[in-house]
Amino acid sequence: MSSFWSMWIVVLTTISIVLITWLLFSNRKIKSTKENQTTGHVYDGIEEYDNPLPSWWFKMFVASIVFAVGYLIAYPGMGNFPGLLNWTSVGKWENEVQQAEQATESLYQDFMNKDIPALAQDKKAMRLGKRIFANNCAICHGVNAEGSYGFPNLSDHDWLYGGSPEQIRTSITNGRSGSMPAWESMLSHDGLTAMTDYVVNLSKATTADDSPAAKQFAMMCSACHGADGSGNQMMGAANLRDNIWLYGGDAGRIKQSIAKGRNGQMPAHHDKLSEEKIYLLTAYVYQLSSAENTNKP
């Protein structure tokens with residue numbers, strides 16, 4: 001806050017308290033000068049007597065003013081003055097987070113002592129993992145982890161970077177960055193159409209390996225997707241033979257992917273989540289696609 005606005009708040013607050021105090025004491029009456037004297041105000045035939053405030057009521061007003069002055073001295077409220085207690089909402093939140101982490105430290109440590117496949121079968125752990133997923137991952141991958149356009153489905157058995165516990169943990173911790181180049185400038189209109197047909201047929205296992213598109217695929221695409229189109233998890237290159245598509249598997253969207261390229265970015269979570277929470281989240285994601293999983297949190 002700038003010095004001007006800080007001083008503006010200080011002056012207005014001080015004037016308000018002084019005026020309220022003056023108004024209270026200047027209009028105080030100890031006792032009426034005349035018995036049953038009225039103010040002259042009449043409402044529906046009811047007259048208002050001009051009597052002093054009850055003593056307890058007046059004292060409550062005074063106590064409120066004293067409390068307000070004390071509060072503004074102890075806590076921030078007068079512009080940039082931090083208050084004698086140096087209290088802040090951020091500090092209070094950080095303190096509560098620290099207390100919560102201390103309270104759950106032993107619980108998380110018990111989880112860390114289990115390997116991920118075993119932890120994936122722990123119902124209590126998976127309930128916590130589901131909450132962590134909902135707060136950090138569901139916005140992209142969906143509440144049920146089934147993904148959406150451009151965001152992988154985590155509940156199937158198809159993985160861009162591998163589905164082992166170590167690979168999932170690495171993905172969550174460090175994030176992933178996938179990039180497919182655009183080939184529109186390298187392919188003619190007919191060549192783009194032929195390449196699209198070739199990729200469509202790859203997922204149907206009906207490709208003609210001696211076609212011109214097959215030769216172009218070997219030259220332009222096999223370095224990432226493999227000679228047979230089965231993908232490469234080391235690079236995050238998609239398997240084109242399993243008929244599972246991140247950006248849609250119809251001819252139009254496949255053609256768009258080839259022509260314009262694709263760029264995917266998963267953020268790293270090592271600076272957002274503790275090591276224990278990442279470990280628990282890894283187990284939750286692992287159990288989502290585990291064929292042996294019978295634990296439904």
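Here is a short conversation about a predicted model and how its parts pack together.

The model is predicted, with local features needing pLDDT of at least 70, side-chain atom pairs counting only at pLDDT 80 or more, and totals for chains, interfaces and linings using all residues. Residues are numbered from 1 along each chain as its sequence is written, and side-chain values use heavy atoms, with hydrogens and water left out.

Trainee: Which element gives the most to the largest nonpolar core?

Mentor: A nonpolar core is a set of buried Ala, Val, Leu, Ile, Met, Phe, Trp, Tyr and Cys residues joined through side-chain atoms within 4.5 Å, where buried means under 20% relative accessible area, exposed over 50% and partly exposed in between (1.4 Å probe, protein chains only). The largest one has 25 residues, and Leu 280, Leu 281 and Val 285 are among those with the most contacts inside it. Helices H3, H4, H5, H7 and H12 each give two or more residues (helices are DSSP runs of H or I, at least four residues, and strands are runs of E, at least two, numbered from the N terminus). The top contributor, with 8 residues, is H12.

Trainee: Which residues does Val 285 touch, leaving out those up to four places away in sequence?

Mentor: Contact here means heavy atoms within 4.5 Å. By that rule, the partners of Val 285 are Phe 133, Leu 154, Trp 159, Ile 168 and Ile 172.

Trainee: How far apart are the end C-alpha atoms of helix H8?

Mentor: The expected span of a helix is 1.5 Å times one less than its number of residues. H8 covers residues 189-202, so its 14 residues should span 20 Å. The model agrees, with the end C-alpha atoms apart by 20 Å.

Trainee: What covers the buried residues of H8?

Mentor: Gly 191, Leu 192 and Met 195 are among the buried residues of this helix. Their cover includes helix H9 (212-220) and helix H11 (251-260).

Trainee: Where in the chain do the partners of the Lys 260 and Glu 184 salt bridge lie?

Mentor: A salt bridge is a side-chain nitrogen of Lys or Arg within 4 Å of a carboxyl oxygen of Asp or Glu, and this pair meets at 3.0 Å, N to O. Lys 260 is exposed at 54% relative accessibility, whereas Glu 184 is partly exposed at 40%. The two are 76 residues apart and link distant parts of the chain: Lys 260 in helix H11, and Glu 184 in the loop between strand E3 (176-180) and H8.
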